[in-house]
Amino acid sequence: TTFGLAAGFGVSIIVLLQQSARGQVAELANLPGTDIYRNIKCFPRAKRLDGVAIMRFGGSVNFVNRKSFKEQLLKFLDKRPEVHTVALDMSMANGVDVSGLNMLRSVTKIFKAREVNICLVGCRGPVRHFFQRCKFSDEVGMDLWFVDIQSAIDYLRTQDTSPPLPIPESKDAKLERRHQAMEEGRDSKREGKTSSGSSHAIGGGVRSRRSNSGRLNPVENTVVRRA
């Protein structure tokens, strides 16, 4: 029994380390009509932003998963050569150790060598303070730190990007556009009914005139015959 418990405990630790070592990185995209960003693999209708990639770390960055994180980021950049800015979403990272920080520094240098900017988004308090103590904030640039993804996108829209980033349509604007389309459809139907009614009225007038002339002719003929 003791041996079985020890074996199960050991296997659980190994599985946990393997899962941590994989270090999932998800690409986020915008849900149309909102300022919400979700994993594009889970939400196929989400739209990528031209020239900007939003990458979210699935957990803390440490010596166990740093290699996996780096490989995924570089592999993604090779697939998307048109990307000029990468926003690293750190909102799910509860901590970053020295090995993870060195990995981020290495990735930052590689990206800058390829003329790709890096933004840091959603860093938690301990992570942010750690970056500041290690001067990593100076390496990235304090103007490229953001509270959330939408703040980063709003800032990037003010920069000289080519092509310019699209502005997601708000829910109110979407509803207003649908309302206008419905009103235009109703107006066109009304115009169609009005033109149809006018044609019927004209036709009826012609028929009435014809019937009146048909009634008068026999009387005229009769008067002519009596004369």
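A salt bridge here is a side-chain nitrogen of Lys or Arg within 4 Å of a carboxyl oxygen of Asp or Glu. This is a predicted model, where local features need pLDDT of at least 70, side-chain atom pairs count only at pLDDT 80 or more, and totals for chains, interfaces and linings use all residues. Residues are numbered from 1 along each chain as its sequence is written, and side-chain values use heavy atoms, with hydrogens and water left out.

**View 1. Arg48 meets Glu27 in a salt bridge.** The closest N and O atoms sit 2.7 Å apart. Glu27 is buried at 10% relative accessible area, while Arg48 is partly exposed at 43% (buried is under 20%, exposed over 50%, partly exposed in between; 1.4 Å probe, protein chains only). Both residues belong to a salt-bridge network with Arg80 and Glu82.

**View 2. Glu82 pairs with Arg80.** Their closest N and O atoms are 2.6 Å apart. Arg80 is buried at 10% relative accessibility, whereas Glu82 is partly exposed at 45%.

**View 3. Phe131 and Trp145 pair edge-to-face.** Rings of Phe, Tyr and Trp (its six-membered ring) pair if their centres lie within 6.5 Å; planes under 30 degrees apart are stacked, over 60 edge-to-face and the rest tilted. Here the centres are 5.9 Å apart and the planes at 80°. Both rings are buried, Phe131 at 0% and Trp145 at 14%. Phe130 and Phe136 join them in one aromatic cluster.

**View 4. Cys123 and Cys134, with no disulfide to show.** The whole structure has 0 disulfides (cysteine sulfur pairs within 2.5 Å). Cys123 is buried at 12%, and Cys134 is partly exposed at 24%.
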